[in-house]
Amino acid sequence: MTPVLSVQNLRVEFPTRRGVLTAIDDISFDIAPGEVLGVVGESGAGKSITGTAIIGLIEPPGHIAGGQVLLRGSRIDNLPPDEMRRIRGKRIGMVFQDPLTSLNPLYRIGDQLTETITTHTNLSGSQARQKALSLLTEVGIPAPEQRIDNYPHQFSGGMRQRVVLALALAAEPELVIADEPTTALDVSVQAQIIALLKRLCAQHGAAVMLITHDMGVIAETADRVAVMYAGRIAEIGPVRDVIKQPLHPYTKGLMGSIPSLTHDSDRLVQIPGSMPRLTAIPSGCPFHPRCPRAFTPCPTFRPELAPEQNSQVACWLYTPFPVAAAAE
Amino acid sequence: MSLVAPAPSAAVEPAKPLVEVKGLGRVFDVSKPWLNRVTEGLPRRLLTAAADVTFSIGRRETFALVGESGSGKSTVAKMVVGLIAPTTGEVIIDGVSMSARRQESERRRLRRRIQMIFQDPYASLNPRWRALDIIAEPLRAFGIAQSTTQIAQRVGELLRLVGLDPADGTKYPHEFSGGQRQRIAIARALACNPEFIVCDEPTSALDVSVQAQILNLMRDLQDRFGLTYLFISHNLAVVRHMANRIGVMYLGRLVEVAPAREMFARPKHPYTRMLLDAVPDLDLTGRKRKPVEGEVPNPIDPPPGCPFHPRCPSAFERCRVEVPLPIAAGVATVRCHAVEEGRI
């Protein structure tokens, strides 16, 4: 079966006066139809840049410097801007962190919904309004007939994010990219939005790329998870394996540093140091200066993703170290 | 001046808490300007940010306040340190009231012993000051160290204490990462050997691995200097890790106070249960998260009776009319008619 989205050896660069910064360095992953892929990592890991690269919205002078992005087997990273615009919103829906910035404050939400629907489908104005109403009902907005003519500021944060979900799903996309969809919300509302996102995407058969820093949200929602560090994928695998038996030392540290709701612990696991800046990404494995288990090859040779148990991991602890390469 | 503060001896007065908050309340006037009110015939609009909040914090204890946005956590924190004046009730720290006029001179002496750490380390440090000046400010303000060499020495000690290099002192805040800035904020708070530190969401702006570093640091400092913390957070897992006792706030009211373990093992108030149910499950036990209906109501126009009744699964007639009073339920204190009547 063709994956909905296939990212192959993607590389994103930002040329600056002080040299070229590599924000995304050779990452590859697939998302199958109906699958939810979680992308986790700390600030600066390159999660959001990956999302914006896929939808072709990287701010110049940043650009895709290598690799390709395939949507249902056809390349979309080299399309002209107006063709890409037809794909965004139609075949790829997007949900961003702050619902107030992704809605236009000057338009009624009904107008924003019908605009999206009429742009991407051949429904007439009144049919589009009907469709907008049914979408608002579907995302759980009470009394949609009255709320459809309200402005974004008249909604609460959770309700606004529901409207954004309705917008993202308006044209029945094959892929939804959700970038920190619940980070700005309170925990009780967060649970509602996550449940809604999951249910809607399952109903519409859409694949989801869920970008977040919150491991809890991933654990509940994703089928597979990719852990990013310094622009690369450190580990990718089924969510249960990655959370219960993480392989990469970074994933282990990350999981240990989350306070638990059920276990008592005096101290949290602590990863020394912090995420490297793009201007100073260490050589070899980018995690080696912070890694408790770094050894001979790590500072010099870059580990590639290799299958290990049910996952894939980029770490020399699991890959036979090429002795010939070391001798060079 | 030695860095190791004479730890307040808990053994001398074990029964007397360091901080007592009694019936604390705060009402904000959010009306339009007077002229608009007169010409448009609008009434005054009052927002009750906190009402009848009562709790105490023992020495060397960590008391946490949790709740969603708008529940009044930060308002209570600001009243405790005296940044805003309460409308009703009072805060008594070590026998000194934070609002009584006649205790002004005692209060001035008390101020040195209370410090605060804020949520956003990008906003709480002056971008035009070097780190060492930021940390030295309380030393100068309270006249703890006068000579330049004394100050420099003390700042160096403090930087080392929070895990930074004393040579970093000459840098400006923008040269540090978020976690390092929060360390500077902690160093500043520790500069004058405080006993009581109010931490308002100290790790919410940080990544999890950095959060772990800061939480570990705060615990180490507490053990070393015998600090008392009032810890404000919306993150239940962080609160469970840090606190001895927890207070849950909803729409300006403290709905449940209980020891940390007890609260997580046997939550009493329906809102506490709801909050615990809503937390994502990292242990993959297959526990189903129960999304709660509804959102926090507008605090300008709160529901009558128990403020939680529109979202409460066990609400009944009495909840809609009568504000529940705090009652003891085991080791916990709860404001809930259903708990009082033994229905849940």
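In which order do the eight strands of the open sheet in chain A stand? I found the order β6-β7-β8-β3-β9-β10-β12-β11 (chain A), with mixed pairing.

**Ground rules.** I am reading a predicted model, where local features need pLDDT of at least 70, side-chain atom pairs count only at pLDDT 80 or more, and totals for chains, interfaces and linings use all residues. Residues are numbered from 1 along each chain as its sequence is written, while chains are lettered from A and ligands numbered from 1 in the order in which they are written. My helices (H or I, at least four residues) and strands (E, at least two) are DSSP runs numbered from the N terminus. I call two strands paired if DSSP finds at least two bridges between them.

**The open sheet, chain A.** I looked at the edges next: β6 (92–95) and β11 (306–308) of chain A each have a single partner strand, so one side of each lacks a neighbour in the sheet. Direction ignored, neighbouring strands here are turned by 20° against each other on average. I then followed β11(A) to β12 (residues 311–313) of chain A; three bridges join these antiparallel strands. In this pair I saw Ala306(A) opposite Val313(A). Helix α7 (residues 157–169) of chain A packs on the sheet and touches β6 and β7 (175–179) of chain A. The direction of α7(A) makes about 170° with that of β6(A). For such angles, axes are lines fitted to C-alpha atoms, for helices over the stretch in contact, and values run from 0 to 180 degrees between N-to-C directions. Contact means that the C-beta atoms of two residues, placed from the backbone, lie within 7 Å.

**The start of chain A.** I traced β1 (residues 5–16) of chain A and found two antiparallel partners: β4 (residues 63–71) of chain A, over seven bridges, and β2 (residues 19–31) of chain A, over ten. Gln8(A) has Gln68(A) as its bridge partner in β4(A), and Ser6(A) has Asp30(A) in β2(A). A hairpin through two residues joins β1(A) to β2(A).

**Where the chains meet.** How many residues does each chain give to the contact? I noted 34 from chain A and 32 from chain B. On the side of chain A, α8 (187–204), α9 (215–221), α10 (239–244) and α11 (249–256) each supply at least two residues. The largest share, six residues, comes from α8(A). The predictor gives the complex an ipTM of 0.80 and a pTM of 0.85.

**Chain B.** I noted twelve helices and twelve strands. The C-alpha atoms of chain B fill a box of roughly 70 × 60 × 45 Å along the principal axes. Buried residues (20 or more other C-beta atoms within 10 Å of their own, all placed from the backbone) make up 43% of the 344 residues. Among the buried residues of α4 (residues 131–141) of chain B I picked out Leu132(B), Ile135(B) and Leu139(B). The buried residues of α4(B) pack against α5 (148–161) and α6 (178–190) of chain B. Just after α4(B), Gly143(B) takes a positive phi of about 65°.

**Confidence, chain B.** The mean pLDDT (the predictor's confidence in each residue, from 0 to 100) is 87, and 92% of the residues reach 70 or more. Among the elements of chain B, β3 (residues 62–66) has the highest mean, 95, and α3 (residues 104–111) the lowest, 85. Over residues 1–13 of chain B, pLDDT stays under 50. Where pLDDT is low, the predicted coordinates should not be read in detail.

Note on methods: A residue is buried if 20 or more other C-beta atoms lie within 10 Å of its own, exposed if 12 or fewer, and partly exposed in between; C-beta atoms are placed from the backbone.
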